[in-house]
Amino acid sequence: QVQLVESGGGLVQPGGSLRLSCAASGSRLNINAMGWYRQAPGKERDLVAQITSAGLTDYADSVKGRFTISRDNAKNTVYLQMDSLKPEDTAVYYCNAVIATPTAPIRRSYWGQGTQVTVSS
């Protein structure tokens with residue numbers, strides 16, 4: 001059974017930094033893209049950043065130059081380094097991964113439980 005477990009959220013002042021981590025667990029995972037989405041109250045869940053298994057990255061315009069996504073394939077883990085945080089970055093951040101397993105060979109999307117990031121003075 002595939003699980004994504006996130007960590008690293010919290011409260012930070014404007015201009016501060018946070019680092020989110022998301023580890024995928026399960027047996028014999030074949031992980032394709034991994035990414036981070038966020039959802040603010042009353043808004044839709046939007047893509048923040050994503051990274052392919054080859055290391056190609058893509059970012060939402062609103063976070064370019066401030067956020068950096070990376071992954072450790074040996075640990076099945078994706079990270080989101082968030083710098084120069086702004087109040088408008090406040091949201092629940094969700095990890096996402098596209099994964100196939102021997103018992104579920106057609107790749108599907110999995111989600112973490114979400115971690116709250118609050119940027120406030």
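# Exercises on pocket, strands and rings

Strand S5 contributes the most to the lining of the largest pocket, with 3 residues. The model is predicted, with residues numbered from 1 along each chain as its sequence is written. Local features need pLDDT of at least 70, side-chain atom pairs count only at pLDDT 80 or more, totals for chains, interfaces and linings use all residues, and side-chain values use heavy atoms, without hydrogens and water.

**Exercise 1.** Describe the largest pocket and the residues that line it.

*Solution.* Step 1: the space in the largest pocket is about 170 Å³. A pocket is an open set of points on a 1 Å grid where a 1.4 Å probe fits, with protein on both sides within 12 Å along at least five of seven lines, and lining residues have an atom within 4 Å of a point; the volume is that of probe spheres set on the points.

Step 2: 15 residues line the largest pocket, and those closest to its centre are Arg38, Ala40, Lys43, Asp46 and Glu88.

Step 3: strand S4 (30-39) and strand S5 (46-51) are the elements that give two or more residues to this lining. Strands are DSSP runs of E with at least two residues.

**Exercise 2.** In what order do the strands of the open sheet of 4 strands lie?

*Solution.* Step 1: the order is S1-S3-S8-S7, and the pairing is antiparallel. Two strands pair if DSSP finds at least two bridges between them.

Step 2: strand S1 (3-7) and strand S7 (67-72) are the edge strands, as each pairs on one side only.

Step 3: S1 and strand S3 (residues 18-25) run antiparallel and are joined by 5 bridges. In this arrangement, valine 5 stands opposite alanine 23 in S3.

**Exercise 3.** Which side chains of strand S11 (residues 115-119) are buried, and with which strands does S11 pair?

*Solution.* Step 1: the side chains of S11 alternate. Thr115, Val117 and Val119 point to one face and are buried (under 20% relative accessible area, with a 1.4 Å probe and protein chains only; exposed is over 50%, partly exposed in between). Gln116 and Thr118 point to the other face and are not buried.

Step 2: strand S2 (residues 10-12) pairs with S11 in the parallel sense, over 3 bridges, and valine 12 stands opposite valine 119 in S11.

Step 3: strand S9 (residues 91-101) pairs with S11 in the antiparallel sense, over 3 bridges. Here valine 92 stands opposite glutamine 116 in S11.

**Exercise 4.** Which residues form the aromatic pair, and what is its geometry?

*Solution.* Step 1: the structure holds 1 aromatic pair (rings of Phe, Tyr and Trp, the last by its six-membered ring, with centres within 6.5 Å).

Step 2: tyrosine 37 and tryptophan 111 form this pair, 5.0 Å centre to centre with 65 degrees between the planes. The pair is edge-to-face, since planes over 60 degrees apart count as such, under 30 as stacked and the rest as tilted.

Step 3: the partners lie in distant parts of the chain, tyrosine 37 in strand S4 and tryptophan 111 in strand S10 (residues 104-111), 74 residues apart. Tryptophan 111 is partly exposed, at a relative accessible area of 37%.

**Exercise 5.** Where are asparagine 76 and serine 84 found, and what sign has phi in each?

*Solution.* Step 1: most residues other than glycine have a negative phi.

Step 2: asparagine 76, although not a glycine, has a positive phi of about 55 degrees. The residue asparagine 76 is in the loop between S7 and strand S8 (77-82) and is partly exposed, at 24% relative accessibility.

Step 3: serine 84, likewise not a glycine, has a positive phi of about 50 degrees. The loop between S8 and S9 holds serine 84, which is partly exposed at 41% relative accessibility.
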